[in-house]
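Reader: I would like to learn how to read the contacts in a model of this kind, taking one feature at a time. Could you give the general idea before each case?

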Amino acid sequence: MDCLFCEIAHGRVPAEIIHEDEYCVAFNDINPQAPVHFLVVPKHHIPSIADITEADQRILGHVLKIIAILANDKGLNENGYRVVSNVGRNAQQTVPHLHFHILGGRSMNWPPG
Ligand code: 5GP
Ligand code: ZN
């Protein structure tokens, strides 16, 4: 399958990898929207949150824990950060492989655009 984040997750397309383990990878977004903007993706191909199955649940719990660890490592705990996962057209998901955006290092607006 021709999937950009599968390619990055398996080292076939380069990225600024900041974490890798058996289940997920984290890398800096190529077009950062905040001083800190990285993505965490499961290695296993899942198109979006809408496609999560029972079998994926342990991996997703792990992914959330990794998000918390990496955000803390980047110094984001003091002032906070945002975690976003766009699902489908209305949310403007552009890469159809489940990913979480972690954005921090500046104050943000709510509601999002
Ligand atoms: P989405 O719009 O699907 O929620 O988020 C996709 C994200 O992937 C965007 O923020 C975009 O900048 C990022 N992205 C797209 N292509 C690449 C790439 O080749 N490398 C990296 N590091 N990020 C990418
Ligand atoms: Zn994929």
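Reader: How many salt bridges does a search of the whole structure find?

Author: A salt bridge is counted when a side-chain nitrogen of Lys or Arg lies within 4 Å of a carboxyl oxygen of Asp or Glu. In this predicted model, a search of the whole structure finds two. One joins the side chains of Arg 12 and Glu 7, with an N to O distance of 3.3 Å, and Arg 12 counts as exposed at 53% relative accessibility. In the other, the closest N and O atoms of Glu 20 and Lys 43 are 2.8 Å apart. Because Glu 20 belongs to strand 1 (residues 17–20) while Lys 43 sits in the loop between strand 3 (36–42) and helix 2 (57–73), this pair ties together parts that are 23 residues apart in sequence.

Reader: Is Lys 43 buried or exposed?

Author: Lys 43 has a relative accessible area of 17% and is therefore buried, the cut-off being under 20%.

Reader: Which geometry does the site of the zinc ion (ligand 2) have?

Author: The general reference is that ideal angles at a metal are 109.5 degrees for four tetrahedral donors. Here the zinc ion (ligand 2) is coordinated by Cys 3 (SG), Cys 6 (SG), His 45 (ND1) and His 97 (ND1), at 2.0 to 2.3 Å, and the angles among its four donor atoms run from 106 to 116°, a tetrahedral site. Since Cys 6 lies in helix 1 (residues 4–9) and His 97 in the loop between strand 4 (81–84) and strand 5 (100–104), the pair ties together parts that are 91 residues apart in sequence. Cys 6 counts as buried at 11% relative accessibility, and His 97 counts as buried at 0%.

Conventions: Residues numbered from 1 in each chain as written. Chains lettered and ligands numbered in written order. Predicted model: local features only at pLDDT ≥ 70, side-chain atom pairs only at ≥ 80, totals over all residues. Heavy atoms only, no water. Donors = N, O, S within 2.8 Å, 3.2 Å for Na, K, Ca; no water. Tetrahedral: all angles 85-135°; square planar, octahedral: opposite > 155°, others 65-115°. Helix = DSSP H or I, 4+ residues; strand = E, 2+ residues; numbered from the N terminus. Buried < 20%, exposed > 50% of the residue type's maximum accessible area, 1.4 Å probe, protein only.
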